[in-house]
Structure formats: C-alpha cells, structure tokens
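Dear colleague,

I am handing over the structure we spoke about. Please look through it first; my notes follow below.

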Amino acid sequence: MKPLSRIDFISKYYAFVKSITKATGIFPQTLFAQAILESQGKVGNAYMVAGSTLAKDFNNLFGIKADRSWKGKKVNLKTREVYGGNDVYITDAFRVYDSPEESMKDYILFLQKTSIWLVLILAGAAFYILKK
C-alpha cells in the first residue's frame with residue numbers, strides 16, 4: 001500500500017469502511033484510528049498512514065500477528081514488545097494481505113472473534129452514544 005496522509009487515507013477508504021462496519025457495533029472512526037496508530041511510519045519528513053514496513057509492503061494496517069490458527073500468508077519481522085515495562089525486540093510472524101481492504105475486513109473479524117476487544121469497543125461506543 002502506498003503511504004497516505006491521514007486525510008487522504010480516510011477520504012479514500014471512508015465508504016468502504018462504513019460499509020464493512022455497518023451492523024457490527026464498531027464505529028468507522030475506531031477502525032480508522034487503529035489503522036492510523038498501528039500503521040503510521042515516517043516517510044521523508046512526515047508521518048504517514050501505511051508508512052510502516054508491515055503496512056506498506058504487506059498491507060497489514062493493524063499489526064495483527066499470524067498465530068497458529070492463521071491459514072493465510074505470513075511474514076516474519078522484527079518487532080518491539082513490552083514485557084514488565086521493558087522493551088524487548090523479537091522476530092514474530094505477521095499476517096500478510098493482498099490489499100488494504102482485505103486487512104480491514106480481517107480486522108473486523110479479528111475483533112469479533114476476540115471478545116475482550118469487542119467488549120471494550122462496544123463499551124466505548126455506548127459511552128459515546130450516552131454522552132450525546
């Protein structure tokens with residue numbers, strides 16, 4: 001995926017993200033925020049969405065790892081983890097996607113299968129709605 005500014009990224013994918021989040025309880029803004037946070041990397045003098053190697057070269061916008069249940073393509077990359085407050089660099093397997101759209105669809109499925117994430121997102125959605 002070609003790195004984009006935040007505004008260009010949201011503009012390009014807004015209709016698609018709105019369609020895949022419909023009836024899931026997940027706000028499109030949640031998906032965009034997570035994609036921006038996880039895939040951002042420095043390109044020249046600016047931080048860009050899909051600026052990270054994982055997003056730019058492998059269309060993985062969310063840093064989702066390829067555990068044993070993953071049957072698709074994967075790539076091994078060096079990554080920073082935090083254990084006990086300490087930065088540790090390891091090599092781990094990450095999911096590879098054919099397109100950014102495939103990554104976004106899989107992110108929705110990942111959240112739906114990983115109940116704690118869905119609970120946190122829905123709690124945030126409920127708070128947002130009640131606050132209005």
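I begin with Asn59, which is buried, with a relative accessible area of 9%. Asn59 sits in the loop between helix 3 and strand 3. Its phi is positive, about 55°, although Asn59 is not a glycine. For context, most residues other than glycine have a negative phi.

Please keep in mind that this is a predicted model. The mean pLDDT of the protein chain is 90, with 86% of its residues at 70 or more. Among the elements, the highest mean pLDDT, 98, belongs to helix 1 (residues 6–21), and the lowest, 60, to helix 5 (residues 115–131).

Overall layout

The protein chain has 5 helices and 4 strands. Read from the N terminus, the order of the elements is α-α-β-β-α-β-β-α-α. The chain has 132 residues, of which 37% count as buried. Of the contacts with a separation of 6 or more, 53% are between residues 24 or more positions apart. The chain exposes about 8400 Å², and carbon and sulfur atoms supply 57% of that area.

Helix 1

Helix 1 is not straight: a bend of about 55° falls at Tyr13. The end-to-end distance also departs from that of a straight helix. With 16 residues, a straight helix would span 22 Å at 1.5 Å a residue, whereas helix 1 spans only 19 Å between its end C-alpha atoms.

Which residues of helix 1 are buried? They are Phe9, Tyr13, Val17, Ile20 and Thr21. An α-helix has 3.6 residues a turn, so residues three or four places apart point the same way. The buried residues of helix 1 pack against helix 2 (28–39) and helix 4 (100–113). Tyr13 is thus named twice here, as the site of the bend and as one of the buried residues.

Ala23 follows helix 1 and lies in the loop between helix 1 and helix 2. Ala23 is another residue that has a positive phi, about 65°, although it is not a glycine. Buried or exposed: which applies to Ala23? Ala23 is exposed, with a relative accessible area of 83%, whereas Asn59 is buried.

Aromatic pairs

The count of aromatic pairs comes to 5. In one of them, Phe62 and Tyr107, the ring centres are 3.9 Å apart and the planes are at 10°, so this pair is stacked. Phe62 is in the loop between helix 3 (53–58) and strand 3, and Tyr107 is in helix 4; the pair links distant parts of the chain, 45 residues apart. Phe62 and Tyr107 are both buried.

Trp70 and Tyr97 form another pair, with ring centres 5.8 Å apart and planes at 65°, so this one is edge-to-face. Trp70 lies in the loop between helix 3 and strand 3, while Tyr97 lies in the loop between strand 4 (86–95) and helix 4, so the pair ties together parts that are 27 residues apart in sequence. Trp70 and Tyr97 are both buried as well.

Ring pairs also link Phe9, Tyr13, Tyr14 and Phe32 into a cluster. Of the residues in this cluster, Phe9 and Tyr13 are among the buried residues of helix 1.

Strand 3

I looked at two residues in strand 3 (residues 74–83), and Tyr83 is one of them. Thr79 is also in strand 3. Thr79 counts as buried because its relative accessibility is 15%, under the 20% limit. Tyr83 has a relative accessible area of 47%, so it is partly exposed.

What does each residue touch, leaving aside neighbours within four places in sequence? Thr79 is in contact with Lys65, Val88, Tyr89, Ile90, Asp92 and Phe94. Tyr83 is in contact with Val88 and Ile90. Val88 and Ile90 therefore appear in both lists, given the contact rule of heavy atoms within 4.5 Å.

If you open the model, helix 1 with its bend at Tyr13 and the stacked pair of Phe62 and Tyr107 are suitable places to start. For helix 5, please bear in mind its mean pLDDT of 60.

Regards

Terms used. Residues are numbered from 1 along each chain as its sequence is written. This is a predicted model: local features need pLDDT of at least 70, side-chain atom pairs count only at pLDDT 80 or more; totals for chains, interfaces and linings use all residues. Side-chain values use heavy atoms; hydrogens and water are left out. pLDDT is the predictor's confidence in each residue, from 0 to 100. The expected span of a helix is 1.5 Å times one less than its number of residues. The bend at a residue is the angle between axes fitted to the seven residues ending there and the seven starting there. Buried means under 20% relative accessible area, exposed over 50%, partly exposed in between (1.4 Å probe, protein chains only). Rings of Phe, Tyr and Trp (its six-membered ring) pair if their centres lie within 6.5 Å; planes under 30 degrees apart count as stacked, over 60 as edge-to-face and the rest as tilted. Accessible areas come from the Shrake-Rupley method with a 1.4 Å probe; for residues, only the protein chains shown count as cover.
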